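Trainee: I have a chain to go through. Can we take it feature by feature?
Mentor: Yes. Ask, and I will answer.

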Amino acid sequence: MPTPRAPRRVLIMGAAGRDFHVFNVVFRDDPAHHVVSFTAAQIPGIAHRRYPASLAGDRYPDGIPIEAEDDLERLVAELDVDEVVFAYSDLSHVEVMHRASRALATGADFRLIGPAASMLASSKPVVAVCAVRTGAGKSQTSRAVVRLLRDAGLSVALVRHPMPYGDLVAMRVQRFASLADIDAADPTIEEREEYERPVAEGVVVWAGVDYEAILRGAEAEADVVVWDGGNNDFPFYRPDVLITVADARRPGHEVGYHPGEVNLRMADVVVVNKVSAETGAAADAIEATVRALRGDGVPVVRCASAVTLDEGPPLVGRRVLVVEDGPSLTHGGLATGAGFVAAAEAGADVVDPRPFAVGSLRATFAAFSHLGPVLPAMGYSPEQVADLAATIDAAEVDAVVAGTPIDLARVVTVGHPIRQARYELAELGSPTLAEVLAPHVERWRAARP
């Protein structure tokens with residue numbers, strides 16, 4: 001008799017998100033494969049942990065180690081890896097292939113897991129909001145979609161792409177119905193940026209690690225599930241409608257980054273966001289790309305990202321420190337964000353934070369040399385939050401403009417007055433999201449029990 005073939009030994013390259021989902025859905029119960037390690041990148045402090053046995057299942061009684069991606073070659077050799085699976089988002093196509101080359105040079109195979117293998121089916125309609133790049137405006141688009149559905153009388157559960165940077169067992173299934181729920185979870189600043197605004201509007205937000213269990217919980221209390229994507233990843237749930245957001249400030253990126261191009265090619269609706277007099281030609285170029293790839297059958301909705309400032313001290317001619325959403329600036333590649341726009345429109349003198357940077361924020365500026373005169377709201381650990389507060393306090397300014405979606409004053413206590421910049425989707429002309437979703441909304445309303 002032939003010798004039974006041993007399971008293929010797999011290493012999953014990730015960033016504490018899609019990698020865990022791919023393991024749970026594709027590999028956990030597959031006897032033909034055995035996952036020997038994850039690697040971690042992009043997010044500080046997520047390596048050198050273990051994916052716990054209680055989540056990994058009976059085949060992994062000791063859990064699975066999570067190591068730094070920098071050690072890929074050593075890990076492949078020491079763990080006798082047959083196959084490297086790439087499972088994270090928002091890298092240029094060139095950067096993905098550099099990682100493929102590293103894996104292939106060891107002798108291992110290199111693999112991408114596609115939507116059909118990794119998307120879970122829902123018993124309820126799913127609207128997925130994804131993007132071609134981090135920071136394109138998914139969250140404001142998701143909020144607009146949720147409002148539209150609720151105005152139509154449909155109950156909605158908002159499921160957010162994972163950000164499991166803490167205790168993975170405790171984070172298996174998370175449900176946030178109030179700001180107190182969020183506070184109790186002791187989240188990072190990045191998590192707060194995604195949860196606080198919809199929860200403040202009365203929307204229940206789900207997140208965590210086990211996205212099948214999360215889906216079943218969300219389905220039980222909603223007519224429609226809205227998937228709010230992370231970075232430029234494609235959905236974990238099979239969508240009835242996929243809305244892909246492109247950024248008029250970054251024309252060409254819609255076909256230059258993985259897996260953002262996948263989202264563009266799969267989209268049922270494309271939102272071109274941040275359209276203005278300054279970016280009109282770029283928006284035209286993005287729409288031309290959509291037409292070249294998809295023809296005329298995919299509606300393109302043009303939107304501005306309307307920025308407003310909360311009340312506070314006048315900013316005209318005043319020295320101002322701008323704090324921005326961290327991920328949009330770092331792995332999203334933006335030099336500035338909504339806070340900078342708001343401060344400039346208010347007539348402020350924006351002060352470069354680099355001379356005042358403390359601790360880990362000095363390393364952030366060194367690692368991301370493209371950053372403009374703004375401070376990314378890095379807060380993946382208590383130490384980073386403390387460095388953020390110390391940097392703000394050290395800055396020789398009259399006020400702070402916060403472009404991060406959270407209420408910054410709830411996270412850090414500083415000596416400068418803070419004016420919050422808020423931004424919402426503002427549709428420009430026709431078609432609108434309401435128009436393109438109308439046939440689906442009517443069908444979903446009629447299908448309710």
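Trainee: Which backbone oxygen, besides that of I46, does the side chain of R49 reach at 3.3 Å?
Mentor: This is a predicted model, where local features need pLDDT of at least 70, side-chain atom pairs count only at pLDDT 80 or more, and totals for chains, interfaces and linings use all residues. Numbering runs from 1 along each chain as its sequence is written, and side-chain values use heavy atoms, without hydrogens or water. R49 sits in strand β3 (residues 49-51); helices (H or I, at least four residues) and strands (E, at least two) are DSSP runs, numbered from the N terminus. Its side chain reaches the backbone oxygen of I46 at 3.3 Å, and at 3.3 Å also that of Y165.

Trainee: R49 has no salt bridge, so which side chain of opposite charge is nearest, and how far away is it?
Mentor: A salt bridge needs a side-chain nitrogen of Lys or Arg within 4 Å of a carboxyl oxygen of Asp or Glu. For charge, Lys and Arg count as positive and Asp and Glu as negative; His and the chain ends are not counted. R49 is buried, and its nearest opposite charge is D19, 7.5 Å away.

Trainee: What is R49 in contact with, leaving aside neighbours within four places in sequence?
Mentor: Contact means heavy atoms within 4.5 Å. R49 touches A16, F20, I64, P65, I66, P164, Y165, G166 and L168.

Trainee: How many salt bridges does the whole structure hold, and which residues are linked in a network?
Mentor: Side chains of opposite charge can pair when their charged atoms come close. A search of the whole structure finds 33 salt bridges. The linked residues are R143, R147, R197, E201 and E424.

Trainee: R111 pairs with E83; which of them is buried, and which is partly exposed?
Mentor: The closest N and O atoms of R111 and E83 are 2.9 Å apart. The pair links distant parts of the chain, with R111 in strand β7 (residues 109-112) and E83 in strand β5 (residues 83-86), 28 residues apart. Buried means under 20% relative accessible area, exposed over 50%, partly exposed in between (1.4 Å probe, protein chains only). At 6%, E83 is buried; at 29%, R111 is partly exposed.

Trainee: Is R192, the salt-bridge partner of D183, buried or exposed?
Mentor: D183 and R192 bring their closest N and O atoms to 2.9 Å. D183 is partly exposed at 33% relative accessibility. R192 has a relative accessible area of 11%, so R192 is buried.

Trainee: R291 and D296 also meet in a salt bridge; what is the N to O distance?
Mentor: R291 counts as partly exposed at 25%, while D296 is exposed at 69%. Their N to O distance is 4.0 Å.

Trainee: How many residues are in the largest nonpolar core, and which strand gives the most to it?
Mentor: A nonpolar core is a set of buried Ala, Val, Leu, Ile, Met, Phe, Trp, Tyr and Cys residues joined through side-chain atoms within 4.5 Å. The largest has 120 residues, and those with the most contacts inside it include F23, Y51 and I392. The top strand, with 6 residues, is β8 (residues 126-131).

Trainee: Why is C303 in no disulfide with C130?
Mentor: A disulfide is a covalent bond between the sulfur atoms of two cysteines. The cut-off is a pair of cysteine sulfur atoms within 2.5 Å. The search finds 0 disulfides. The sulfur of C130 is the closest to that of C303, yet too far for a bond, at 16 Å.

Trainee: Where are the prolines of the cis peptide bonds H258 to P259 and S430 to P431?
Mentor: Most residues other than glycine have a negative phi, and most peptide bonds are trans. Omega is near -5 degrees from H258 to P259 and about 5 degrees between S430 and P431. P259 is in the loop between β14 (257-258) and α10 (260-266); P431 is in the loop between β21 (418-427) and α16 (433-447).

Trainee: What is the phi of D186, a residue other than glycine?
Mentor: D186 lies in the loop between α7 (179-184) and α8 (189-200). At 65% relative accessibility, D186 is exposed. Its phi is positive, near 50 degrees.

Notes: Polar contact = N/O pair within 3.5 Å; in protein donor to acceptor, adjacent residues only side chain to side chain.
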